[in-house]
Amino acid sequence: MERKERPFDVISQLAALRRYARSLVRNSDDAEDLVHDALLRAYEKKQSFRRGGNLRTWLLSILHNAHIDRVRQDRSLARRHEEAAVETEQSLQAAQEHAVRLQQVRDAFFHLPEEQREALHLVAIEDLSYQEAATALGIPMGTLMSRISRARAQLREFEEKAPRASGLRLIGGNGNEGN
């Protein structure tokens with residue numbers, strides 16, 4: 001019994017797509033997101049695939065274009081974040097301990113990967129629903145939820161490692177340090 005090859009069998013191309021995505025982004029989680037986005041684009045544009053055409057080449061091209069779009073989006077977002085940071089730094093300083101803690105949390109937030117930071121920002125700060133945030137970012141809701149989950153896990157890890165201020169005390173050479 002001979003098996004008929006289906007003209008739009010993307011499942012057989014997943015390994016090649018994942019390898020190429022990993023080489024582009026150098027991170028397995030981001031690579032999976034990139035493959036997911038590329039497959040979504042491929043299914044949306046399925047009617048533009050020519051029968052008899054090379055499916056692998058077509059899919060790799062879509063993956064590459066999705067990566068280029070992400071790089072451009074990341075650069076644009078980085079510029080917006082830098083501009084927002086300049087605006088934030090012009091605000092009034094809070095009490096010392098609070099200002100230090102706030103700066104630590106801000107730094108931890110800005111050290112999140114860009115995709116996670118933008119997803120968390122839209123949901124936690126802009127108060128968008130998951131569906132609204134996914135639509136705004138142009139990603140599936142599952143991808144958004146995954147990014148938010150990873151971002152929150154990294155922030156929790158930061159919170160567990162961050163030193164807690166236990167009050168200020170003077171340390172000097174007058175012999176009263178232990179009192």
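Which side chain meets that of R18 in a salt bridge? In this predicted model, the partner is E32, with N and O 3.0 Å apart. The two residues belong to distant parts of the chain: R18 sits in helix α1 (residues 14–25) and E32 in helix α2 (residues 28–44), 14 residues apart. Both ends of this contact have some access to the surface, as R18 is partly exposed at 31% relative accessible area and E32 is partly exposed at 34%.

This pair belongs to a count of seven salt bridges. Another of them joins D33 to R150, whose closest N and O atoms are 3.2 Å apart. Here R150 comes from helix α7 (residues 141–161) and D33 from helix α2, so the contact ties together parts that lie 117 residues apart in sequence. With a relative accessibility of 8%, D33 is buried.

Helix α7 also supplies R147, which is linked to E118 of helix α5 (residues 114–125) across 29 residues of the chain. The closest N and O atoms in this salt bridge are 4.0 Å apart. E118 is buried, at 8% relative accessible area, and R147 is likewise buried, at 2%. Through shared salt-bridge partners, D33, E118, R147 and R150 form one network.

Turning to the surface, R72, R75, R79 and R80 come together in a patch of positive charge. One of these arginines, R72, is part of helix α3 (residues 55–89). R72 counts as exposed because its relative accessibility is 55%, above the 50% cut-off for that class.

How values were computed: Residues are numbered from 1 along each chain as its sequence is written. This is a predicted model: local features need pLDDT of at least 70, side-chain atom pairs count only at pLDDT 80 or more; totals for chains, interfaces and linings use all residues. Side-chain values use heavy atoms; hydrogens and water are left out. Patches are made of residues with over 30% relative accessible area and no salt bridge: like charges are joined within 9 Å, nonpolar side chains (Val, Leu, Ile, Met, Phe, Trp, Tyr) within 5 Å. Accessible areas come from the Shrake-Rupley method with a 1.4 Å probe; for residues, only the protein chains shown count as cover. Lys and Arg count as positive and Asp and Glu as negative; His and the chain ends are not counted. The place of a charge is taken as NZ of Lys, CZ of Arg, CG of Asp or CD of Glu. Helices (H or I, at least four residues) and strands (E, at least two) are DSSP runs, numbered from the N terminus. Buried means under 20% relative accessible area, exposed over 50%, partly exposed in between (1.4 Å probe, protein chains only).
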